[in-house]
Amino acid sequence: MIHVRNLVKRYRDLKRGDVLALAGVSFYAMPGQIFGLLGPNGAGKTTALRILSTVLKPSEGSAQVNGYDVQTQPDLVRRSIGFVSTNTAVYDRMTAWEMVEFFGRLYGLKPEPLRQRMETVFTQLKMDEIRDTLGAKMSTGMKQKVSIARAIVHDPPVLIFDEATVGLDVLVARALLDAVRAIRDQGKCVIFSTHVMREAERLCDRIAIMSRGNILSEGSLDELRARHREDDLEELFFALISQEAAA
Amino acid sequence: MNWGNVKLIFIRELRDQLRDRRTIFTVAVLPILLYPLLGMSFFQVLQFMKQHPSRVLVMGVESLPPSPPLIEYEKPGAPRIPLELFDSADEQKLIQLEVRPLPNGPVAFAAAKRIARAEIDAEAFDLVMVFPPDFAEQLAKARQAAVAGVKAAVTFPQPYLCYNTAKEKSDFAERRISKVFERWSESRRNESLIAQDVAPESVRLLQVQRADVAKPEQRKARLWSKILPFVLLIWALTGAFYPAVDLCAGEKERGTLETLLSSPAGRKEIVGGKLLAIMVFSSVTSLLNLTSMGVTGSLIASRLADLGDEGPFALGPPSLAAMAWLLLAVVPISAMFSAAALAVAALARSSKEGQYYLMPLLMICMPLMIIPLLPAAEIDLGGALIPVTGMMLLLRTLMEGRYAEALLYALPVLGVTAGCCWMCVRWAVDQFNNESVLFRESEQFDMRSWLKSVLRDRKDTPTVSLALMCGVLLLIIHFFANLMSEPPTSWQGFVTSTLVSQLAFIATPALLMTIMLTRNPVATLSLRPPRPIALLAVAGLAIAVHPVAMILKQAVLTLYEPNDAMAETLTQMSRLIEQAPLGWLLLAFAVMPALCEELAFRGFILSGLRHSGHKWGAIITTAALFGVIHGMLQQSLIAAALGVILGFVAVQTGSIVACMVFHIMHNSLMLLVTRYLPQRQDEWWANRVARFEPGGEFHYQVWVVAAGGLATILILMYLRQLPWKLTEEEGRQRALESQARQYHAA
């Protein structure tokens, strides 16, 4: 479903010259699976996910989403994904209903099927109360719900969540994780990036630990524990990051 | 492009802006309130406005002749200038007069002048007028001499006027007193003529009978055609800018741009939707301002007419036809400014930064809007080709009812406006594709680091920015070189200046930039040898294009006739060219331009611009720069057309050697044919090829042009099917376009 091969991303910095944000990342993510990208700030998670959502172009390597190439078929890639990130905000001057409807129409849904789908999504995400609330008047949790509704309204086969729980209180974060799990259970391929160990442990079927643009280790939680002989994910993470820093 | 998405985005942006109080205030509330408030203030201020009297000191009144009087006394100690010397009693009251005798002594006049200067410096008076001690006697003598017909020059005595033009009041005083003095002199002259039994009217030999045939509607059209287009343009720009900043920089700031970018809407669709929304606000702002200004202006005009004011605004509101033309012009004007504002606003990271960009945009547009307001500014080809200026001049011409003239220049104006819109939209789309613009973070600018990064990060071939920089640099160098050089007077000077200009001002900057700013000069300048067959085809193309180019040249010169100064320059140039030996001529006007201009334009600039990913965009932009550098407008148009062919040849053959061959052959043919064909007009074959006119001019026969045109098309088709090398960006763009086609087909 998602196939990333030797993805490299460089950007130019006036003082430092070329800066490497991704140094050749490769991974697979399958349908019905939550693939976690776990890493500290600046590890390259957001860059990788922005490339998958076609907002950024890779400097080298390739990535395919739902069989489409992110560089040469970005329109088709964007139709196949739902992207929720801390950087994808909601419109202040649109109500929840208007915003989800706008994106549903952009995804090509006809008015009547879209209305039915929106009713379902709003009920699923318990958003009926905020249907007519303007974005500017919503709490952080409400905004995140609208973002998820916007990302799933066209029922995409791939969902990408980039640090989606940042800034949410425990209750809302828990509800969001439940929603992500439900999406996975519908057979969707989910990529979930986080720097919270607990979230990765509870949610992800496979985890890639990233640091400074590289994937240090990748596998299911059990595989990682066995490979690195460490049951505690947090300890395992610190050990990997320390080794990488020392190297 | 999915127009459904464009419509969705347009409606969303429109609704979004309509829910923004700031936008509504700027677009709707401000114009509705502004002009009535301004009108109200105008009448309020009018009540308090009064003309200030001028304080005038007259010294030496005792020297004045008794009749006609220049100074009279209303009552003792209250001197004034007689009412006959003014238009009205109100004007008379505007001179506060004080009189003094001249100081005693042999140098009374010189002493009085010193006093006058001191009084003006001390600002005690606005003007001091000093009459010499023997003014009346000298005047009488001069008159007698003139009457007696003395042949020696007769000198009439002159009073001394001291004032200070740096002070507004003093300047006014001078104008008022000069008018009075002229009338007084006139009445003195009349008096002396009457004394000799001559009627003053009989000596007015040259009297001009004036007949202003302008109808009030025409005068009205002339007045409004200067004001309203300016108002329209200013508000179209302002009305476009604020929504553009909110829809680009504002969205970046609020984090919603990435939401939209990750949706299926393509970049062109996003730009299209936003552009339409901005256009709506730009049009509505300018129309509301015009309407509000028109209504308020009409009321003020009618009020002023009631008050007896005969000023220009008393002519009344603009005609319906003028308003209709304004309404029609709103669309292209708003489109142009909206596209420019969108492209500029896309650069900004935040709304605050976006606001900073308004001033440079205004600074660029303002001179272009001011040119048509200058006295005697009329539409011509030069003006028509200047963005904004051309549109304003065309609008003026239409509003004044000069439709035939407007029709002649409508195409260039609309072409330039459409070209500007296209470039701005292209630029905006590129900005939305440019990660460094979309996601750039604030970085402290440091000149040393920047220079280092330019050298350190240089690529094999120049970037788009470097190519544009090279083009602009060449234009600036060319402009200053032309300003500083003297026009040549001999063929040697002409040839030398052309050679120096090509080598120093075109080839050298391009070569220096290639060496310093790129890593691969061969790739940058496309110095690879072309395939022999392709080279042969290009040589054939140069011959085939020649008759077509001649027709184009004649058409351009007929349609847009050069002005007198330009025609004189061209004649001078032709004379010098006729005197020059053929070898030097070919070197200066065929070989050297081909080598130097191709290195710069099809070499550095085109290879850089191709990194935009748009082959034709790069070719046309290069051709436009190539045209502009030719200076003379008529020549620029022809050069730009040939530049398109040269750019195409460069891309298809992958070599500027082919372009150089085409350029040398084309310029040589022009020189040789123009010089030698008229000399052979008596030979049998010459008349089969061309029609000759007296004076050495000739036109190719239709069959020659048709054959040339056909051969040109065939050779271009051959070149088109040659395998050409895409840049990385062109390859990506092609893949994106084929993806879009596949998607829409599916």
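Student: How much of chain B is made up of buried residues?
Tutor: In this predicted model, buried residues make up 35% of the 746 residues in chain B.

Student: And what is the figure for chain A?
Tutor: For chain A, which has 247 residues, buried residues make up 48%.

Student: What about the overall form of chain B, is it compact or spread out?
Tutor: Chain B has 28 helices and eight strands. Its radius of gyration is 35 Å, well over the 27 Å that the globule rule gives for 746 residues, so chain B is more spread out than a compact globule. Along the principal axes, the C-alpha trace of chain B spans about 105 × 75 × 55 Å.

Student: OK, and which helices and strands does chain A have, I mean how many of each?
Tutor: Chain A has nine helices and ten strands. The radius of gyration of chain A is 18 Å, close to the 18 Å that the globule rule gives for 247 residues, so chain A is as compact as a globular protein of that length. The C-alpha atoms of chain A fill a box of roughly 55 × 40 × 35 Å, again taken along the principal axes.

Student: What share of the contacts in each chain joins residues at least 24 apart?
Tutor: Counting contacts between residues at least 6 apart in sequence, the share that joins residues at least 24 apart is 76% in chain B, and in chain A the corresponding share is 67%.

Student: Switching topic: which elements of chain A have the lowest and the highest mean pLDDT?
Tutor: Helix H9 (residues 233-246) of chain A has the lowest mean pLDDT among the elements of that chain, at 83, and helix H3 (residues 96-106) of chain A has the highest, at 93. For chain A as a whole the mean is 88, and 100% of its residues reach 70 or more.

Student: Since you mention H3(A), how many of its residues are buried?
Tutor: Nine of the eleven residues of H3(A) are buried, and the helix is mostly covered. Among those buried residues are Met99(A), Val100(A), Phe102(A) and Phe103(A), and the list also includes the charged-type names Glu101(A) and Arg105(A).

Student: What do they pack against?
Tutor: The buried residues of H3(A) pack against helix H4 (111-124) and helix H5 (140-152) of chain A, together with H1 of chain B. Just after H3(A) comes Gly108(A), which takes a positive phi of about 95°.

Student: So H1 of chain B turns up there; which helices of chain B help to touch chain A?
Tutor: The contact takes 31 residues from chain B and 29 residues from chain A. On the side of chain B, helix H1 (3-18), helix H8 (256-261), helix H16 (447-456) and helix H28 (728-745) each supply at least two residues. H28(B) gives the most to that side, with six residues. By class, the side of chain B that touches chain A has nine nonpolar, ten polar and twelve charged residues.

Student: Which residues touch the most other members of the largest nonpolar core?
Tutor: In that core of 156 residues, Ile191(A), Leu342(B) and Ala428(B) touch the most other members. Helix H10 (residues 320-347) of chain B provides the largest share of this core, 17 residues.

Student: What is Leu342(B) in contact with, beyond its neighbours in sequence?
Tutor: Leaving aside neighbours within four places in sequence, Leu342(B) is in contact with residues including Ala244(B), Val271(B), Ile278(B) and Ala428(B). Another core, of 63 residues, lies apart from the largest one, and Ala549(B) and Cys596(B) are among its members.

Student: Now H24(B), how far apart are its end C-alpha atoms?
Tutor: They are 30 Å apart, which agrees with the 30 Å that the 21 residues of helix H24 (residues 633-653) of chain B should span at 1.5 Å a residue. Because 15 of those 21 residues are buried, H24(B) is largely enclosed by the rest of the structure. Gly654(B), just after the helix, takes a positive phi of about 70°.

Student: Which residues have a positive phi although they are not glycines?
Tutor: Most residues other than glycine have a negative phi. Asn6(A), with a positive phi of about 45°, is in strand E1 (residues 2-13) of chain A. Thr54(A), with a positive phi of about 70°, is in the loop between helix H1 (45-52) and strand E4 (60-65) of chain A.

Student: Are those two buried or exposed?
Tutor: Asn6(A) is partly exposed, with 14 other C-beta atoms within 10 Å, whereas Thr54(A) counts as buried, with 24 C-beta neighbours inside 10 Å.

Key
Residues are numbered from 1 along each chain as its sequence is written. Chains are lettered from A and ligands numbered from 1 in the order in which they are written. This is a predicted model: local features need pLDDT of at least 70, side-chain atom pairs count only at pLDDT 80 or more; totals for chains, interfaces and linings use all residues. Helices (H or I, at least four residues) and strands (E, at least two) are DSSP runs, numbered from the N terminus. The expected span of a helix is 1.5 Å times one less than its number of residues. A residue is buried if 20 or more other C-beta atoms lie within 10 Å of its own, exposed if 12 or fewer, and partly exposed in between; C-beta atoms are placed from the backbone. The radius of gyration is taken over C-alpha atoms; the globule rule is 2.2 Å times the number of residues to the power 0.38. Two residues are in contact if their C-beta atoms, placed from the backbone, lie within 7 Å. pLDDT is the predictor's confidence in each residue, from 0 to 100. A nonpolar core is a set of buried Ala, Val, Leu, Ile, Met, Phe, Trp, Tyr and Cys residues joined through C-beta atoms within 7 Å.
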